[in-house]
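Thanks for coming. I have a few slides' worth of notes on one structure, and I will go through them region by region.

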Amino acid sequence: MRWRIDLRYDGTGFHGWARQGPLRTVQGVLEDSLRTILRVPDAPAVTCAGRTDTGVHARGQVVHVDLETEMPGRELQRRLNGVLPPDVAVTSVAPAPAGFDARFSALARRYVYRICDDQGLWDPLTRHVMLRVPRPLDIDRMNEAAGKLLGEHDFAAFCRRREGASTVRALLEFHWRRTDAGAVEGTVIADAFCHSMVRALVGSMIPVGDGRREPDWPAAVLASRARDSAVTVVAAAGLTLEEVMYPADADLAARAVEARQVRGEVHHG
């Protein structure tokens, strides 16, 4: 039976999502925990909605896994949380609908990047989930710049290229707001992201917000389709995968077929 597992994690202590030999990764920890509770010789292979990079957090990661077990979902959740380390938490385990693929059935992913631009508000306790910048940011200028990037484009200028992988993505939403506590939050929603894309997009916004660049600069970088050394890939700590969006159950299989045709790798960060 295919199961859907929803989970959260603090990415600080992980070398990203994907299993990498002896390195500590979220996938490795989750698969090893499944092997422990199911008492099987080999760790079941899990597939996630998007592979987060080293240091990136998740509050809404989704995975699927095919298991031979009679254990109900609530019991699987309870046992998993009993053996997982404290920086990972499973929030739900349930039988997956027909045609569900955590990676390819997804319609979009929502990330939020958090920044502190007020030195008087910097809280060292948030250093693993927020970026500190030295200059005040103008949210209106950042929103003007972000709006120019919306739509389907080749985001090669903001991605680390991978041979054979497309860098065309549909950026559905990109906006900035200031929270009641004074922090700056950038919400980014796309059908998928290529490697380092979110952090490069954010990195193009900060110099606009602090006045070093004009609001049309990120769009000019996008149009160049080439990496610009002036675009900083900001630290992973400020980035959190908040939500993965899926179609209605009846459309899951068709969406998975469509997504496989248009691109290969689905990678976040």
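Which residues in H3 meet which residues in H4? From H3 there are Arg 141, Met 142, Ala 145 and Ala 146, and from H4 there are Met 205, Val 208 and Gly 209. By class, that contact of H3 with H4 has 5 nonpolar, 1 polar and 1 charged residues. Before going further, I should say that this is a predicted model.

Now the geometry of that pair. H3 covers residues 139–147 and H4 covers residues 197–209. Their axes come within 8 Å and cross at roughly 140°. Angles over 145 degrees would count as roughly antiparallel, so with its crossing at roughly 140° H3 is oblique to H4. The handedness of the H3 and H4 crossing is right-handed.

Staying with H3 for a moment, Glu 144 also belongs to this helix. Is Glu 144 buried or exposed? Neither label fits: Glu 144 is partly exposed, because its relative accessible area is 44%. I also have a distance for this residue. Glu 144 and Asp 117 are 27 residues apart in sequence, and their C-alpha atoms are 19 Å apart in space.

On to H4, which holds Ser 204. Ser 204 has a relative accessible area of 0%, so it counts as buried. What does the side chain of Ser 204 reach? It reaches the backbone oxygen of Leu 201, at 2.7 Å. If we do not count residues up to four places away in sequence, Ser 204 touches Phe 158, Trp 217, Pro 218 and Val 231.

Just ahead of H4 there is another serine. Ser 196 sits in the loop between strand S9, residues 184–190, and H4. Its phi is near 70°, which is a positive value in a residue other than glycine. Ser 196 is buried as well, since its relative accessible area is 1%.

There is a second residue with a comparable note on phi. Arg 225 is not a glycine, and its phi is positive at about 55°. Where is Arg 225 placed? Arg 225 is in the loop between helix H5, residues 217–224, and strand S10, residues 239–245.

Next is Ser 105, in the loop between strand S4, residues 88–95, and strand S5, residues 108–116. Ser 105 is buried, because its relative accessible area is 0%. Which backbone oxygens does the side chain of Ser 105 reach? One is that of Gly 99, at 3.4 Å. Another is that of Leu 252, at 3.2 Å. Leaving aside neighbours within four places in sequence, the residues in contact with Ser 105 are Gly 99, Phe 100, Tyr 246, Pro 247, Leu 252, Arg 255 and Ala 256.

Ala 256, the last name in that list, is found in helix H6, which spans residues 252–262. Its relative accessible area is 4%, so Ala 256 is buried. With neighbours within four places in sequence left aside, Ala 256 is in contact with Asp 101, Phe 104 and Ser 105. As for a residue far off along the chain, Arg 19 is 237 residues from Ala 256, and the two C-alpha atoms are separated by 23 Å.

Gly 182 offers another pairing across the sequence. It lies in the loop between strand S8, residues 168–178, and S9. How far apart are the C-alpha atoms of Gly 182 and Asp 118? They are separated by 7.7 Å, with the two positions 64 residues apart along the chain. Apart from neighbours within four places in sequence, Gly 182 is in contact with Asp 117 and Leu 121. Gly 182 counts as buried because its relative accessible area is 16%, and the cut-off for that label is under 20%.

The last item is a second helix pair. Helix H1, residues 26–38, packs against helix H2, residues 73–83, at an angle of about 115°, with the axes 9 Å apart. The H1 and H2 crossing is right-handed. On the H1 side the residues are Leu 30, Ser 33, Leu 34, Thr 36, Ile 37 and Leu 38, and they meet Leu 76, Arg 79, Leu 80 and Val 83 in H2. How do the residues of this contact divide by class? There are 7 nonpolar, 2 polar and 1 charged.

That is the end of my notes.

Methods
Residues are numbered from 1 along each chain as its sequence is written. This is a predicted model: local features need pLDDT of at least 70, side-chain atom pairs count only at pLDDT 80 or more; totals for chains, interfaces and linings use all residues. Side-chain values use heavy atoms; hydrogens and water are left out. Axes are lines fitted to C-alpha atoms, for helices over the stretch in contact, and angles run from 0 to 180 degrees between N-to-C directions. Helices (H or I, at least four residues) and strands (E, at least two) are DSSP runs, numbered from the N terminus. Angles under 35 degrees count as roughly parallel, over 145 as roughly antiparallel, 65 to 115 as roughly perpendicular and the rest as oblique. A crossing is left-handed if the near helix is turned anticlockwise from the far one by less than a right angle, and right-handed if clockwise. Contact means heavy atoms within 4.5 Å. Ala, Val, Leu, Ile, Met, Phe, Trp, Tyr, Cys and Pro count as nonpolar, Asp, Glu, Lys and Arg as charged, and the others, Gly among them, as polar. Buried means under 20% relative accessible area, exposed over 50%, partly exposed in between (1.4 Å probe, protein chains only). A polar contact is a pair of N or O atoms within 3.5 Å; within protein, one must be able to donate a hydrogen and the other to accept it, and residues adjacent in sequence count only if both atoms are side-chain atoms.
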